[in-house]
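Dear colleague,

I am handing over the structure we spoke about, and below it you will find a short account of what was found. Please keep it open while you read, so that you can look up each residue as it comes.

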Amino acid sequence: MIYTEIEYQSELYTKSLELRYKILRKPLGLRFTKEFLSDEMNNFHLAAIEDNEIRAVVLLKPMEDNIVKMRQFAVDSKYQHQGIGQKLTKLAEQFAGEKNYKKIVLHARKSAVGFYLNMNYTLISKEFLEVGLPHYEMEKILEK
Ligand SMILES: CC(C)(COP(=O)(O)OP(=O)(O)OC[C@H]1O[C@@H](n2cnc3c(N)ncnc32)[C@H](O)[C@@H]1OP(=O)(O)O)[C@@H](O)C(=O)NCCC(=O)NCCS
């Protein structure tokens, strides 16, 4: 498995979009809009790749004050619970740290809160709804 950045609008990006649709959108009966996708042009796209296929993907969106937002985390169904998400999170943290971001924030689905707690993210909000699902805001300060 290779853990690396992928280029926006590359062939691997298209595959990563298909994976995000399958894991994050289709089960909710939702689609990606043009506006949603053009907004991620300035995001960093990180992925786990095997045999030229995307097994997992996550985006980092630059925010104000040296903060980056982790979003759109999706591991392909067959590959979940094998440590791939954990490794991709570590790559994202290293990547963000090297670019001098000081903190990662994210909106965790309630079902994934345990995963992020396991990766030492802290809960910083009450439950709220996003895409119709219960979510919590979480954060992690990046160590030097
Ligand atoms: C949530 C998700 C990103 C985690 O990635 P993953 O590759 O399946 O997770 P890992 O195998 O790396 O798990 C690492 C650790 O977290 C734990 N863990 C994984 N998913 C968990 C969950 N949903 N709740 C609690 N703990 C979880 C595992 O037990 C593991 O700990 P261990 O190795 O000590 O047993 C992935 O399962 C996924 O894409 N789920 C569907 C989409 C989704 O919910 N995305 C996140 C939206 S915020």
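The secondary structure of this chain, which is a predicted model, comes to four helices and eight strands, and if you read along the sequence you will meet them in the pattern β-α-α-β-β-β-α-β-α-β-β-β.

As for the overall form, the C-alpha atoms fill a box of roughly 35 × 35 × 35 Å along the principal axes. The radius of gyration is 14 Å, which agrees with the value near 15 Å for a compact globule of 144 residues. Among contacts with a separation of 6 or more, 59% join residues that are 24 or more positions apart, while buried residues make up 23% of the 144 residues in the chain.

The interior is a good place to look next. In soluble globular proteins, nonpolar side chains tend to be buried together. Here the largest nonpolar core holds 25 residues, of which A56, V57, V58, L60, M70 and A92 touch the most other members. At least two residues of this core come from each of β2 (44-50), β3 (53-62), β4, α3, β5 and β8 (133-141), and the largest share, six residues, is supplied by β3. If you would like one residue to follow by eye, take M70, which touches V58, L60, A92, I104 and L106 when residues up to four places away in sequence are left out.

Which residues are closest to the ligand? There are 19 residues around the ligand, and the closest are Q80, G85, Q86, G114 and F115. The elements that give two or more residues to this shell are α1 (11-25), β4 (67-75), α3 (84-98), β5 (103-109) and α4 (113-118). By type, the shell divides into nine nonpolar residues, nine polar and one charged.

Finally, two residues deserve a look at their backbone angles. N100, in the loop between α3 and β5, has a phi near 75°, a positive value in a residue other than glycine. N100 counts as exposed because it has 9 C-beta neighbours inside 10 Å, and the cut-off for exposed is 12 or fewer. N120, in the loop between α4 and β6 (122-123), has a positive phi of about 70° although it is not a glycine. Is N120 buried or exposed? With 10 other C-beta atoms within 10 Å, N120 is exposed.

With best wishes

Terms used: Residues numbered from 1 in each chain as written. Predicted model: local features only at pLDDT ≥ 70, side-chain atom pairs only at ≥ 80, totals over all residues. Near = placed C-beta within 6 Å. Nonpolar A, V, L, I, M, F, W, Y, C, P; charged D, E, K, R; others polar. Buried ≥ 20, exposed ≤ 12 C-beta atoms within 10 Å, placed from the backbone. Rg over C-alpha atoms; globule rule 2.2 N^0.38 Å. Contact = placed C-beta atoms within 7 Å. Core = buried A, V, L, I, M, F, W, Y, C linked by C-beta atoms within 7 Å.
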